[in-house]
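Colleague: Please put the model up, and then we can go through some questions about it.

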Amino acid sequence: MIKKIAHIATASEQSAQAGGNAKEDRHFVTALARGLELLACFRSGDKALGNQELAERCQLPKSTVSRLTYTLTKTGHLDYVDSLGKYRLGSATLALGSAMLARLDVRQLARPLMQELADFSQGMVSLGMRDRLSMIYVENCRSQTALTLSLDVGSRIPLGNTAMGRAILAEMRADERSQLLTQIQQADEAHWQTVAKEIQLSISEYQELGCCTSFGSWQKDVNAIAVAFYPGNGMPPVSINCGGPAFTLSSSFLLAEVRPRLLDLVRRLKLSLGA
C-alpha cells in the first residue's frame, strides 16, 4: 500500500497564501485566522494532537496554541481527550465540513461516473477542491480488484506537484494562477525551479491533451492524470483525477485508455450541471 501523504500548510505558508499583508488590513482578524489554521493542522487519519504537536505544525508559540485550543474546546470545534491529554476535532467542525459537502451537487452527480472509471482503470478516481496550496479530496472511488492509494475524503495533496493540482492551475485565469505561483515559490523556495518547470509543462500539455499529468513527480512510484472544470453556480473549479501505483497504471495506459474516458466523464458531468 502506498504511504498516505497529507500536505498541511504551515502558518507561515498560509500567511503568504492570504494574498497581501494581513497586518495592513484592518478588517483581518488575526486570532480568528490562527484558530482556523490550527483546525487545518489536523490531517486525515490523525486521532488526536497535543499542544506541542499543534505548535510545531502551525509554527506558533505553544502558549498561543494553548489559548486557541482552550477556546476551540469551549466552542465545540475541538474535544479534549483526558486519557491522552490531547485534542481531536469536535462536532462543530464536523458540522461545517458536512454542510460544505452536502451542497456540492457535483459530488453526488460525479460519483457513479467516477466509480465506472475506477472499475475500468483498476485505479482510484478522486474529486478535489483547492484549499490554499493544497488539494482536498471531497470524493473518492476505488476499484474493488486492485491495489490503490490509501487516500480518502479529507486527505490533502500538494497543489504544484500533482496532476489534480496542476489541472486546477491550468484551468484558472492567468492572473489568479500568477498569484498562486508566487505563493508556491515563497512556501518552497528550495524546489521552486523544478516545480515551476513542471507546472509550465503541465499547462502546455493541458492545452494539447486536455489533461495534466504527474508521472512520478509527486511520488516516484505514483502516476496520475487529471482534468479540472468549473461546476457552475459560482463555485470554484474542481478537479478529477485517476491515478495509482505506477506498476499497475502505466503512463501509456493512462494517456491512451483512461484519458479519453476521463475527458468524456467531465463532459457528461458539465452537461448534467449545466456548467
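Modeller: Cysteine 141 has a relative accessible area of 1%, so this residue counts as buried (under 20% relative accessible area with a 1.4 Å probe, protein chains only; over 50% is exposed, and in between is partly exposed). This is a predicted model, in which local features need pLDDT of at least 70 and side-chain atom pairs count only at pLDDT 80 or more, while totals for chains, interfaces and linings use all residues. Residues are numbered from 1 along each chain as its sequence is written, and side-chain values use heavy atoms, without hydrogens and water.

Colleague: Which cysteine has the sulfur nearest to that of cysteine 211, and how far away is it?

Modeller: A disulfide is a pair of cysteine sulfur atoms within 2.5 Å. Cysteine 211 is in no disulfide. Its nearest cysteine sulfur is 7.0 Å away and belongs to cysteine 212.

Colleague: Is cysteine 211 buried or exposed?

Modeller: The relative accessibility of cysteine 211 is 1%. Therefore cysteine 211 counts as buried.

Colleague: What percentage of the residues of the chain count as buried?

Modeller: The chain has 275 residues. The share of them that counts as buried is 45%.

Colleague: Over which residues does pLDDT stay under 50?

Modeller: pLDDT is the predictor's confidence in each residue, from 0 to 100. Its mean for the chain is 86, and 87% of the residues reach 70 or more. Where pLDDT is low, the predicted coordinates should not be read in detail. The stretch with pLDDT under 50 is residues 1–20.

Note on methods: Contact means heavy atoms within 4.5 Å.
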